[in-house]
Amino acid sequence: RLLLPFEMSQPDLHAFCLMGINGPGGAKDSEFPPPLEPGKLRIYGNRFCPFTERVRLVLAAKGVEYEQVNIRLKDMPKWYLEKFPGGRTPGLEQDDRLLWESTVICQYLDETFTQNVLFPRDPYDKARVLLLVGAFDPVVPLGAYPAYCKSTATDKDAEAALLTGLEPLEAEITQLGTPFFGGNKPRILDFLVWPWFERFPAFQELSGFQMSEQRFPNLNRWMERMYGQMAVQVCMCATQLHVQAVQLYKDNKSFHDVGLD
């Protein structure tokens, strides 16, 4: 039976959505996790990985039960590399099915679990979402964002590149004129870009990073609305944990088990 968010209290949903992720991160010599029950979903990914959070947000928005195995990104278990030879996270396993790449996984989940459909049904609108994500990922998640993290949020050139990478999203939500990219409620584009915005308060604490109201008025309003969404609330980490993770990442130290001791 699929448990939908509106059937549970927020504390119960929080425990439900985080089931299975609270163990230490799997390292190179860790044991292979136990077999999955038939039909059960398992997500492999790091607790602080924004790409993994994309998948968790979709699952939370749909109320789909799953478990997550916490993977250390710098010292991946041998069994994970055998299961997912590319070594990318997140990875999804269900029965004999294996998938990777966050956007691909999210699309699979949306088409498999049809409650609260997140991708647009119209082919053109769906294609536009994929184009926006395809433009966003190389510039922010794979470009300016890790560079900014690596500098512990002190490199002004990296900060400028990160802010420039957000301008297409400001233009899009301004043109839409709706509370969310998905209209009157968040849908797939909202969840695919949100994880990076969740980390901005940590950058502000580290170096005074600002997504200014003057430059990004509608993205700022959108962020305020996203914080009120249950899927966001049950998936997000506290700002202080993100601060610790960024500092450890900058120093080339393991950050995967922050907050678990």
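This is a dialogue on reading confidence, cores, cysteines and salt bridges in a predicted model.

Colleague: Which conventions apply here?

Modeller: The model is predicted, so local features need pLDDT of at least 70 and side-chain atom pairs count only at pLDDT 80 or more, while totals for chains, interfaces and linings use all residues. Residues are numbered from 1 along each chain as its sequence is written, and side-chain values use heavy atoms, leaving out hydrogens and water.

Colleague: Which elements have the lowest and the highest mean pLDDT?

Modeller: pLDDT is the predictor's confidence in each residue, from 0 to 100. Where it is low, the predicted coordinates should not be read in detail. The chain averages 85, with 87% of the residues at 70 or above. Helices here are DSSP runs (H or I, at least four residues), as are strands (E, at least two), numbered from the N terminus. Helix α1 (residues 10–17) has the lowest mean, 35, and helix α9 (residues 217–227) the highest, 98. Over residues 1–24 the pLDDT is below 50; this stretch has 53 contacts (heavy atoms within 4.5 Å) beyond near neighbours in sequence.

Colleague: Which residues touch the most other members of the largest nonpolar core?

Modeller: A nonpolar core is a set of buried Ala, Val, Leu, Ile, Met, Phe, Trp, Tyr and Cys residues joined through side-chain atoms within 4.5 Å. Buried means under 20% relative accessible area, exposed over 50%, partly exposed in between (1.4 Å probe, protein chains only). The largest core has 59 residues, and L109, L166, F197, M211, L219 and W222 touch the most other members. Helix α5 (residues 123–150) gives the largest share, nine residues. A second, separate core of seven residues includes I71, M76, W79 and F84.

Colleague: How many disulfides are there?

Modeller: A disulfide is a covalent bond between the sulfur atoms of two cysteines; the cut-off is a sulfur pair within 2.5 Å. The whole structure has zero. For C237, the nearest cysteine sulfur is that of C235, 9.4 Å away. C237 is buried at 13% relative accessibility, and C235 is buried at 1%.

Colleague: Which parts does the salt bridge between D137 and R54 tie together?

Modeller: Side chains of opposite charge can pair when their charged atoms come close. The criterion is a side-chain nitrogen of Lys or Arg within 4 Å of a carboxyl oxygen of Asp or Glu. There are 13 salt bridges in the structure. D137 and R54 meet at 2.6 Å, N to O. D137 lies in helix α5 and R54 in helix α2 (residues 50–62), so the pair ties together parts 83 residues apart in sequence. R54 is buried at 0% relative accessibility, as is D137 at 13%.
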